[in-house]
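This report concerns the pairing of charged side chains within one protein model. Please examine the sequence and the structure shown below before reading on.

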Amino acid sequence: MSEIKWKLNNIREQVSIIDGKVSPSIVLQNAKYLHSIYKQWLTGNIWISGDRIVYVGKEMPANLEGTEVLDMTGKTVVPGYIEPHVHPFQLYNPYSFAQFCAQSGTTTFISDNMSFVSMFENKKAFSFLDKLSQLPFSFYWWARFDSQTALENEGELYSNASVCEWLDRPDVLLGGELTGWPRLTRGDDQMLYWIQAAKHKGKKIEGHFPGASEKTLAKMRLFGVDGDHEAMTIEDVEARILHGYAVTLRYSSIRPDLPQILKGVVERGYPIFDHLMMTTDGSTPSFHQDGVIDKCIRAAIEAGVSPIDAYNMASYNVARYYDMSNLHGIIATGRYANINILPDEYSPTPESVLSKGVWLKRNHVDQQAFPTMDLSDFGKLTIDFDLTDTDFQFSMPIGIEMVNDVITKPYSVTNKGNKLSTDHDESYLMLVDRDGAWRINTMLKGFATHVKGFASSYSNTGDIILIGKSMEDMKHAFEELKKMNGGIVLVENGQVVTSLPLAFSGSFFDGKVENVISLELDLKAALKDRGYHYTDAIYTLLFLQSTHLPYIRITPRGIFDVLKNTVMLPSVMR
């Protein structure tokens with residue numbers, strides 16, 4: 001259960017409002033609001049004191065001295081939306097993404113902690129989490145059990161002591177997502193111990209089971225997994241519901257499955273909406289041009305889901321599942337004042353947003369209510385080494401072929417030389433240690449036909465990815481990356497075509513999400529013009545190293561065979 005932070009004197013003052021001794025700060029009068037338990041639209045008055053709803057019902061306060069009374073006649077009022085599965089480091093950072101999401105009504109995150117584990121000692125990470133908790137927004141977290149790639153220092157980052165420290169935090173609501181679940185089937189008792197430790201602390205376990213068979217789902221349920229967000233079809237949903245999983249449906253830049261799945265649920269008449277949630281699953285910035293969880297609600301309503309079920313999937317279902325409906329997901333006495341004011345029940349993007357009693361948006365206007373936050377703890381990426389001709393040796397017989405944005409398979413390399421033709425889709429591929437200690441060279445098939453030089457410090461591990469047809473342009477892109485202290489750079493014939501600076505640790509943008517959306521769209525357009533034909537190049541960069549997806553990956557340990565769990569060709573020390 002999430003932590004309750006009201007002190008005794010706060011609670012006494014809140015109770016005194018009921019007695020008329022103290023006035024509330026805000027009253028939403030004549031509000032047509034969603035009562036998530038009744039599953040009905042009710043009409044009443046909502047009293048708010050500070051960050052808490054102190055009363056909902058027919059009565060008006062006896063004491064209105066200094067109270068802001070707002071007539072909600074003609075409006076529709078719903079709970080603030082909850083994003084139950086967010087990766088808040090997709091070029092944006094948790095602070096900038098929270099600011100952005102608040103304007104479309106998403107005021108609570110349940111967030112991935114992987115970037116914190118990879119960058120900080122726990123003490124420093126926890127200090128940053130505590131700072132985030134002071135914002136007029138609600139942050140909760142996962143505790144990951146694996147790095148999602150092949151690291152030499154995996155045991156140090158995900159030590160028993162470190163994972164258990166994360167699980168001890170009251171704002172950590174779950175363990176997972178279990179991208180490393182095959183370790184369980186191979187007999188890894190350390191991961192099983194962490195699952196059981198999380199369960200004993202009342203936390204959920206989130207799976208990651210794309211394409212899983214029924215037997216795999218059954219085994220994972222026995223291991224202690226409670227939910228999964230990897231259903232891609234209505235049949236996947238049926239299998240997960242059959243085994244008692246909570247199911248989170250995705251509407252993301254690479255998996256826009258939610259509308260079609262919900263149409264299937266509606267057509268088959270399944271009364272299962274109480275067991276469904278919705279997520280954008282760490283989509284890249286441009287996917288959010290038209291919303292976050294409000295976008296999911298809109299898609300659900302268009303798929304034939306009743307508005308009440310759609311709003312519950314975006315709020316109450318999440319709060320109930322994670323045992324925090326005492327604070328979130330329902331407009332009722334005692335909860336946080338997280339409230340969205342809509343023009344009507346079919347329009348989920350709010351006109352006004354209250355989060356913890358603070359107006360974040362009012363009458364369509366951003367209230368600029370987030371205090372400035374120091375993000376310097378993330379640091380800058382300083383590259384203090386050069387790449388030489390010796391580094392550009394591509395003699396490995398095995399290359400990586402892209403099947404789609406994120407799935408890859410091995411292939412036999414045939415092309416050689418210092419410069420590749422644009423008549424085919426093979427490119428040079430390098431992964432270089434961000435500190436210059438090692439490199440791994442291979443070929444990448446299917447990325448593009450005309451990308452000459454490309455460099456990115458945005459990757460799963462924060463190491464540097466180089467791709468291109470021309471070694472000279474790849475070197476140039478690397479040098480531009482050094483000047484920027486990290487980011488993404490596309491070079492052609494010695495000239496920078498486009499770039500996206502990532503000032504924080506070479507991974508996150510320093511600025512508003514709206515600004516990084518513009519830069520991302522420019523980058524994607526330039527790549528598309530040069531032959532990248534999949535959906536999301538940013539995800540390609542992120543997942544080239546990710547060993548939770550088949551079949552072959554480029555990792556700090558070398559070229560990695562996912563199914564065999566072995567290094568095919570090791571990295572080379574520089």
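Asp391 is buried, with a relative accessible area of 4%; here buried means under 20% relative accessible area, exposed over 50%, and partly exposed in between (1.4 Å probe, protein chains only). The model is predicted: local features need pLDDT of at least 70, side-chain atom pairs count only at pLDDT 80 or more, and totals for chains, interfaces and linings use all residues. Residues are numbered from 1 along each chain as its sequence is written, and side-chain values use heavy atoms, with hydrogens and water left out.

The partner of Asp391 in a salt bridge is Arg574, which is partly exposed at 37%. A salt bridge is a side-chain nitrogen of Lys or Arg within 4 Å of a carboxyl oxygen of Asp or Glu. Across the whole structure, a search finds 34 salt bridges. Three of these pairs are tabulated here, including the one just described.

| Pair | Closest N to O |
|---|---|
| Asp391 and Arg574 | 2.8 Å |
| Asp274 and Lys39 | 2.5 Å |
| Lys295 and Asp290 | 2.8 Å |

Asp274 lies in the loop between helix 11 (258-268) and strand 13 (276-279), and Lys39 in the loop between strand 1 (26-35) and strand 2 (40-49), so their salt bridge ties together parts that are 235 residues apart in sequence. Helices (H or I, at least four residues) and strands (E, at least two) are DSSP runs, numbered from the N terminus. Asp274 is partly exposed at 29%, and Lys39 is partly exposed at 32%.

Lys295 is buried at 9% relative accessibility, whereas Asp290 is partly exposed at 42%.
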